[in-house]
Amino acid sequence: MIAAKRFWRDVVVADRTILLDGRVLKTPARAELLLPTDALAVAVADEWRAVDGAIDPRAMPLTGLANAAIDRVAPDVAAFVRGLARYAEADLLCYRAAHPTALIAAQGEAWDPPLDAARSRYGIDFVVTAGLAHVDQPAATVARLTAAVAGRDAFHLAGLSPLVTLSGSLVIALALADGAMTEQQAWETAELDELWQVEHWGEDMLATAAREDKRRDFRAASRFLALLD
């Protein structure tokens, strides 16, 4: 497949839409790409200005997330909420190592504080276990975390989604989205197991490249949410 190439000269922001040579930019589903904030509109426009030659969607993550908000999330917000809320039933932070002792201690130091903060904020509790066997979380926990997700619009949900899926933790994603954790703190918390393994056993080039891709997507989603406020 031949990549599409830049066909426009000018990129202009007008009433939170993007104009390419005077034509309104549209989503893949042909909806008008109307952005909810001036800051996001400017940032998306900058992605289109930066295109040099072939269009690479990987270099335009904000555009991609905005497209997702309009084309994928907005048509059925309730279904999208249900998909994200399922992570409340099996949050990364609730599944701890059985050994070695050093890793158990590191997980407790990094993962207990965000769980405690969520307990306090939402009035909930968590069942924490050692190993990967599924444990049921209290119904109230799942219900209140679901409500925390459901209170967001399509654009905030589009930004929240990769934070949840990349981290495996709804607790971490909500804390980052709501300003209770920085992007760096959230990333290091979510990647604790992998970073611990690298520190002790090293890492090959393929794993390093995969982590860098994941890191880029995580950072882009965090920035997308920041541009909505």
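Begin by selecting strand E1 and strand E2 (residues 17-20), which pair in the antiparallel sense over four bridges; helices (H or I, at least four residues) and strands (E, at least two) are DSSP runs, numbered from the N terminus, and two strands pair if DSSP finds at least two bridges between them. The model on the screen is a predicted one, in which local features need pLDDT of at least 70 and side-chain atom pairs count only at pLDDT 80 or more, whereas totals for chains, interfaces and linings use all residues. Residues are numbered from 1 along each chain as its sequence is written, and side-chain values use heavy atoms, with hydrogens and water left out.

**The sheet**

Extend the selection to E3, and an open sheet of three strands appears, in the order E1-E2-E3 and with antiparallel pairing. Its edge strands, each of which pairs on one side only, are strand E1 (11-14) and strand E3 (23-24). Helix H1 packs on this sheet and touches both E1 and E2, and its direction makes about 165° with that of E1; contact here means heavy atoms within 4.5 Å, and the axes behind the angle are lines fitted to C-alpha atoms, for helices over the stretch in contact, with angles running from 0 to 180 degrees between N-to-C directions.

Between E1 and E2, pick Val13, whose bridge partner in E2 is Ile18, and then move to the hairpin of these two strands, where two residues lie between the strands and Asp15 takes a positive phi near 50°. On the other side of E2, the pairing with E3 is antiparallel over two bridges, and Leu19 has Val24 as its bridge partner in E3. The hairpin of E2 and E3 also has two residues between the strands, and here Asp21 takes a positive phi near 50°.

Show the side chains of E2 next: Thr17 and Leu19 point one way, Ile18 and Leu20 point the other way, and all are buried, where buried means under 20% relative accessible area, exposed over 50%, and partly exposed in between (1.4 Å probe, protein chains only).

**The nonpolar core and helix H6**

The next selection is the largest nonpolar core, which has 65 residues, with Leu35 and Phe155 having the most contacts inside it; such a core is a set of buried Ala, Val, Leu, Ile, Met, Phe, Trp, Tyr and Cys residues joined through side-chain atoms within 4.5 Å. The largest share of this core, seven residues, comes from H6. Centre the view on Phe155: leaving aside neighbours within four places in sequence, its contacts include Leu34, Leu35, Pro36, Ile70 and Phe224.

Then go to Pro162, which is placed in helix H6 (residues 154-167) and counts as buried because its relative accessibility is 18%. Beyond its neighbours within four places in sequence, Pro162 is in contact with Leu65, Ser167 and Ala221. A distance drawn from the C-alpha atom of Pro162 to that of Ile172, 10 residues apart along the chain, gives 12 Å.

**Helix H10 and its partners**

Move on to Ser222, found in helix H10 (residues 205-226), which counts as buried at 14% relative accessibility. With neighbours within four places in sequence set aside, Ser222 is in contact with Leu163, Leu176 and Glu183.

In the same view, select Arg211 and Glu191, which form a salt bridge whose closest N and O atoms are 3.2 Å apart; a salt bridge is a side-chain nitrogen of Lys or Arg within 4 Å of a carboxyl oxygen of Asp or Glu. Because Arg211 lies in helix H10 and Glu191 in the loop between helix H8 (183-190) and helix H9 (192-201), the pair ties together parts that are 20 residues apart in sequence. Arg211 is buried, with a relative accessible area of 17%, and Glu191 also counts as buried, at 2%.

Arg216 and Asp213 give another salt bridge, at 3.0 Å from N to O, and both lie in helix H10, three residues apart, about one turn of the helix. Arg216 is partly exposed at 35% relative accessibility, as is Asp213 at 39%.

**Remaining salt bridges**

Finish with Arg49 and Asp46, whose side chains meet in a salt bridge (2.8 Å, N to O); they are separated by about one helical turn because they stand three residues apart in helix H1 (residues 38-49). A last selection of Asp116, Arg119 and Asp125 shows a network of salt bridges, and the count of salt bridges in the model comes to 13.
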